[in-house]
Structure formats: structure tokens, C-alpha cells
Amino acid sequence: MTEATFDAIFDDLIDVNEELQSFLRILDGLLPQASLLLVNEAGVLLDGTRPLAFAQPLREKLVNEAKSTDGFVVGKTENDVRCHAVYLEKLSAVLIISCAAAPDDAWGPGSALATLLQNTIDLAMHRQEREMLVADHEQSVRQINILQQQHGKLIEDNYRQYRLNQDREKEYARKLESEIAKQTAELREANVRLEEISRLKSDFLANMSHELRTPMNAIIGFSELLSETPLGEEQLDYTRTIAQSAASLLSLINDILDLAKIEAGKLELEHLPFDLAEVIGNVAAMFKIPAREKGVVFTCKIDGNVPKRIMGDSNRLRQVLINLAGNAMKFTEQGGIDIEVAYEREAASRIFSRFSVRDSGIGIPADRVGAIFEKFTQADGSTTRKYGGTGLGLAICLQLVELMGGRLAVESEVGKGSTFYFVIPLEEAPAEIISLDEHKIAGLEKTARGGRILLVEDNAVNQRLASILITREGYKVEVASDGAEALEHLRHQPFDLVLMDVQMPNMDGMEATRRIRKIEADPDQKQSYVGLRALTQPLGIVGLTAHARKEDEAACYAAGMNGFLTKPIVKAKLAMILNEMMPQASCEKNTDPS
Ligand code: ADP
């Protein structure tokens, strides 16, 4: 709103002076013969028609008298003209009137002249009021018009401003949208790059796992074999040291690979039935003897309310408990170590159970409790020197427990001991499911019956090691160095089982397996393979790989294999799988292990 226009609202305001003048004008019209003066309460002349001469004191005197009298008072002008004065309360003024024609006595209170004059004054007053009202009304109309104009202008201004803002907002939204689209595209691109990096990392891990485990396989296997040959005491000691060092190196490799897998989000827990007491029993069995040798009491307790058979990843649970118990063992010189599984509560058909590993060892300083769960961190700098270790174990346990739905924590007091604990939800296994372990145990109970095994493996050291292990289990073994050679062997000789390495040059294990399955499905081709034509069932093929990932196992089955064994080959596992997979009516028993 412009100030000038708004100021117009206050134009033409009726002032008091105007009111008086209007009254005097009207009265003058009604009394054309009379002289009239209006004087304020202080005796100051306000206005008049036809001159009446008054000295100030004279006027004041008359005004005072009129103010204190109800009706007309008589007075004289300077030049001795008779006049009458009356106080007009409404106007806060005194009217002095001179009407020469009227006789003196005609002005008394109630007289016809006084009444007539009073009525004339009242009439003038009313007319003046009406005039004022009309003027007021006109002024209000004018003001309303101005306000309406201003209001319209305001609405117009506001609308213009609104449109302007809208345009600005649209422009802003457009810019924002294009910025978001740009950033989304950049993020998508970055995501693709990250996924690619993650895939490369995962492949690198898988390859590393293969590269590292293959030689470890040989070191562990051959030192195991070596220690079973006749050796002098010193040689036996060296051999055992090699085996122990290799075992701890393998455990470190496994730790690093585990951690990398967890960090890459590649570690998935199994969901299979297992016996909880069996897992705790395995852990106890590992530590009972070393504990006794150290003079430390080792106990285990499982609350009766915790389900016996549960669903989950028994290997990972065992790994956590072994780690915690191993630490307890390492840092405890006297007293005891207890593993306990206690019932906590039940919710959503899960039994929340508390696993704790308590020891009476050296304890952990309060300010180091947070740090020990970080990777490569130990409670104090002297730990490695004194106790060994890498500081990886707890970092892995922490993550594994989180994957199981719990949180690993510790309560500890220096010199008194530590309790590591976690609460995880356990799902009771349905009664009808037979656990894999039970399956394996059932397999073990079968008696070994011998048979012919084709070992397909490119690495010469591994060929030797696996051949020795297989022969020692009472089977005959033939070796092929790749898939193509394996097919050649099958063309000329019968076999009961194939142990097929997955990664090989020339033709890998997957391709060889696919070809074998294809030949089996084609009767004409099958006839030209001595190793396949007599078989009524598909040939048993066990994949051998250092890749321990679930997807690697799944890929083996997808290629047509019907068994899976990870490297390094563990003697007991090899025996179990060979026994399990060897066909019932197998070939002759090899009685001459060489
Ligand atoms: P490592 O034992 O290989 O060093 P961990 O991650 O398993 O790695 O443990 C980290 C550190 O936490 C240990 O080095 C040790 O200082 C401390 N620690 C773990 N468990 C215990 C325990 N039971 N008693 C005392 N200190 C412990």
C-alpha cells in the first residue's frame, strides 16, 4: 500500500471549528435579523455573524454568567447594545445573540421569545448534527472506498507475490530434482563400482583361500603322515613342531578369511539341526586334558530348560565357544573355567539362552574392556610376547554372535577373572529332522569295504598326499591330472568313486563332471566307457575344493557332483565320505595298502 493513498483516509476530517461554523450558519439562516457570536468557555471569540463589539473582560463576564445560568442572561456590548447569552453544552461554547427588535422583558425564563429562541437554537443544533452525520457518513463511505481500493491492491500485490513465489519454487524444485537425479545417477554408478569391488574382493578371498589352503593341506597332511613313520625322538619333536605351527598358521589364515568374509557380508550362517550338548561336549573334550595338565578345573553345565536339539550353525557356535574357552585357558593359571548355557526367557517360540565362559584368570583392566573386541587389539602390549595371539579371535566372535542375534559382552576384574557371555535366541529343532552329524555318524558305522577310486587332482604334492590317505583307508587309487585325463581313465577302467578337484588347468572338475553326466545319459556314448557302462546308478563324484563357501558347494551339486569335501583334506572326514559314498556292492577290498 502506498503511503499517499492511505493518507487520503484522513483527509477531510471534520474538525470542531467546522462544527461550530456549520451551527452558526444554520442559526444565522433561521435568525436573519440577529447578530450572533460564539465564544469558547474561556471567553475567546470563535466565530460570529454581523459584528458585536465586546471587550475581552466584558465577554468573559458574560460567558461566566451564561455558564452558570440555565437559560439566557442579559448583557451589554461595548457600544451599549443589549444582548443575551446562553451556554451550549453540546458545543462547549456560549452563544451571544443580539436581537434589537425584541423587548427586554420578553427574554425571561419560560417566555415565548426565550422558548422560541431556545427552540430555534435546538433546531439549528439538530440540523447541524444532521449535517455533521451526513458529512460523517460521506467521509466513512470515502474511507471505505479507499480501504476497498487498498484492499484490492493488497490482494493484487499478494497474488502477484504469490505467483512470483510459485514460479521461484517451481524453478527451485526443478533445480532440486535435476540435482537429485544427478546425485542418484552418481550414487548408482558408485554403487555399481562398489558392487564390482566387493565381487572382486570376494573372488580374491575365494582364490586366496584356495592358494593358502592348498600348501597347508600338504604341510599338515605330510607332517601327520611323517609322525606316523618310525622316527627318532628329535625328529618326532621337529615333526610335531611343524604340525603345530602349520595348525596355528591354518587357524590364523582361517581367522583372517573369516573376518574378511564377515566384513564383505559374505558369511551366512547355516540353519541345520544339531545337538547342543554334543557341541559343548566337543569344546570340553578339546580343553579337558590341557586344563588338567595346567591344574585348572574345567566344567560344563547346560540348563535343563534349554532345548537339546536346536536349529542353527553348530560349527560357528563351536568356533565362538572354542575361542572364548581358548582365551580363558590361555589367561588362567589356577582355579577354574566354566562353560554354562542357561535358560533366560522365551519369546516368539524362541528360547533365549545365555552362553557364558567364566574363568578365574588374570582379568582385563576396565579401560581395555572396550578395545579387546576390536581386531588386532589386545588388553596390553605385553600380551603377544607372553601369551601369543593376534587379537582377531574376539573380533570374529563378536560378529558371529551378532549374526546369531546376540551381543558378546564381558564382565571382568583384574586378578579375579573374566566372564564372556552372550544371549541368543535358540529355535528348537523339529523332532523328525535327522541332523547332518547323525547322518555322518550313521555313515561312519558302516564298515569300510574298499573299492577303486579315481583321484583327479593337478597338484603333484596333493596327489601324493591324497593317494596315501586313500590307500590307508583301504581303497585302490588311480590318479588323473585334469578332467580330460579323468575321462580317458573312465573310458578304459571301472571305478567306484571319483574324487574330483574343482580348480584344474585344461579341463576343470565342473566341466568334467558335466561331461560324465552327459555320457551317462546317452546309452550309445556310455557303451564306449568301461568305467560307466556297467553302472546302474550314476557314478559317485565328490568335489574337492579349498573354497569352503556355500555357493561353491551349491555349484558342485549343480554341476552333477553328489558329494563335497573341503581342503585341507582331514583324514577323518575323508574316511567318512568315502565310506558313505562307496556303493553297497563295491569292488574288491584292497588288502595291500602300499
Ligand atoms: P588373542 O587372544 O589372539 O590375542 P582375542 O581377540 O581373542 O585375541 O583377545 C584379545 C585380547 O583380549 C587378548 O589378547 C587378551 O588381552 C584379552 N582377553 C581375551 N580373553 C581374555 C580372558 N579370558 N582373560 C583375560 N584377557 C583376555
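Helix α3 (residues 56-68) is a good place to start: it lies across β1, β2, β3, β4 (82-88) and β5, running at about 175° to β3. Please keep in mind that this is a predicted model.

**The sheet**

The strands that α3 lies across belong to an open sheet of 5 strands, ordered β2-β1-β5-β4-β3, with antiparallel pairing. Its edge strands are β2 and β3, each of which pairs on one side only. From one strand to the next, the twist averages 25°.

Here are residue ranges to help you find your way around:

| Strand | Residues |
|---|---|
| β1 | residues 35-40 |
| β2 | residues 45-49 |
| β3 | residues 73-76 |
| β4 | residues 82-88 |
| β5 | residues 93-98 |

Let's look at one pair. Strands β1 and β5 are joined in the antiparallel sense over 6 bridges. Within this pairing, Asn-40 stands opposite Ala-93 in β5.

**Helix α6**

Further along the chain you will meet helix α6, which covers residues 276-294. With 19 residues at 1.5 Å a residue, α6 should span 27 Å, and this agrees with its end C-alpha atoms, which are 27 Å apart. The helix does bend, though, by about 35° at Lys-288, and the proline Pro-290 follows within four residues.

At the N-terminal end, Asp-275 acts as the cap of α6: one of its side-chain oxygens lies 3.0 Å from the backbone nitrogen of Ala-277. Along the helix, the buried residues include Leu-276, Val-279, Ile-280, Val-283 and Ala-284, as well as Phe-287 and Ala-291. Just after α6 comes Gly-295, with a positive phi of about 80°.

Terms used:
Residues numbered from 1 in each chain as written. Predicted model: local features only at pLDDT ≥ 70, side-chain atom pairs only at ≥ 80, totals over all residues. Heavy atoms only, no water. Pairing = 2+ DSSP bridges. Helix = DSSP H or I, 4+ residues; strand = E, 2+ residues; numbered from the N terminus. Axes fitted to C-alpha atoms, helices over the stretch in contact; angles between N-to-C directions. Contact = heavy atoms within 4.5 Å. Expected span 1.5 Å × (residues − 1). Bend = angle between axes of the 7 residues up to and from the residue. Buried < 20%, exposed > 50% of the residue type's maximum accessible area, 1.4 Å probe, protein only. Polar contact = N/O pair within 3.5 Å; in protein donor to acceptor, adjacent residues only side chain to side chain.
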